[in-house]
Amino acid sequence: MDTIDRRILSELQDNADLPMQELGDRVGLSHTPCWRRVKRLEERGIVKRRVALLDAEQLDLAVNVFVNVSLRRHQENALNRFETAVQDVPEVVECYSVSGETDFLLRVVVADVTAYERLVKATLVHLPEVGNLTSTFALRQVKYTTALPLP
């Protein structure tokens, strides 16, 4: 990757809907060479996909809950079963395998505390191998970005 590729990535992180001609103008390339670079970045998996970022509050999904999950067993098949099952829970928007006292950290997005309680009772405690859940409610979002820090 060179400087132009990094500039393309920076522009796409800011606005993935830029027309190719405008993107090329911003990074100093004509349409076709810019398009080729973007396609190469996509083929290499550096650009995974282009998405729309939604306003959670306007969709009545303003509550973020960080859930530490401890599993009952730590064999590979138990971890894999949990990881597979959590993929099917739409309210879980992020899931990380972590080191420390717990096994996984989830970010859950719901409308309110009652919706979270329903999710816990109906779904989260029934995920495979779950032993313990500890929830932390975010009071306010101080910083949020999807942009990666490019060198």
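Contact here means heavy atoms within 4.5 Å. With that in hand, let's work through some exercises.

The model is predicted, so to speak of local features pLDDT of at least 70 is needed, side-chain atom pairs count only at pLDDT 80 or more, and totals for chains, interfaces and linings use all residues. Residues are numbered from 1 along each chain as its sequence is written, and side-chain values use heavy atoms, with hydrogens and water left out.

**Exercise 1. Find the partners of Val 108 and place this residue in a core.**

Step 1. Set aside the neighbours within four places in sequence; Val 108 is then in contact with Val 63, Asn 64, Val 65, Val 67, Glu 91, Val 92, Tyr 116 and Leu 119.

Step 2. A nonpolar core is a set of buried Ala, Val, Leu, Ile, Met, Phe, Trp, Tyr and Cys residues joined through side-chain atoms within 4.5 Å. Buried means under 20% relative accessible area, exposed over 50%, and partly exposed in between (1.4 Å probe, protein chains only).

Step 3. The largest nonpolar core has 21 residues, and those touching the most other members are Val 69, Phe 82, Leu 106, Val 108, Tyr 116 and Leu 127.

Step 4. Two or more residues each come from strand S1 (63–71), helix H4 (76–86), strand S3 (104–110) and helix H5. S1 gives the most, with five residues. Helices (H or I, at least four residues) and strands (E, at least two) are DSSP runs, numbered from the N terminus.

Step 5. Another core lies apart from this one; its twelve residues include Leu 12, Met 20, Leu 29 and Val 38.

**Exercise 2. Check the length of helix H1 and work out which way its residues face.**

Step 1. The expected span of a helix is 1.5 Å times one less than its number of residues. For the twelve residues of H1 (residues 3–14) this gives 16 Å, and the end C-alpha atoms are 17 Å apart, which agrees.

Step 2. The buried residues in H1 are Asp 5, Ile 8, Leu 9 and Leu 12. Looking down the axis of H1, they fall within an arc of 100°, so they line one face of the helix. The arc is that of the directions from the helix axis to the C-beta atoms.

Step 3. Among the elements covering these buried residues are helix H2 (20–27) and helix H3 (31–43). Thr 3 and Asp 14 are exposed on the face turned away from the buried side.

Step 4. At the N-terminal end, Asp 2 caps H1, with a side-chain oxygen 3.2 Å from the backbone nitrogen of Ile 4.

Step 5. Now look at Arg 37, found in helix H3. Beyond its neighbours within four places in sequence, Arg 37 is in contact with Asp 2, Ile 4, Asp 5, Ile 8 and Leu 29. Arg 37 counts as buried because its relative accessibility is 17%.

**Exercise 3. Describe the surroundings of Glu 129.**

Step 1. Glu 129 sits in the loop between helix H5 (113–122) and strand S4 (130–137).

Step 2. Its relative accessibility is 6%, so Glu 129 counts as buried.

Step 3. A polar contact of 2.9 Å joins its side chain to that of Arg 73. Such a contact is a pair of N or O atoms within 3.5 Å; within protein, one must be able to donate a hydrogen and the other to accept it, and residues adjacent in sequence count only if both atoms are side-chain atoms.

Step 4. Outside four places in sequence, the residues in contact with Glu 129 are Ser 70, Leu 71, Arg 72, Arg 73, Ala 78 and Arg 81.
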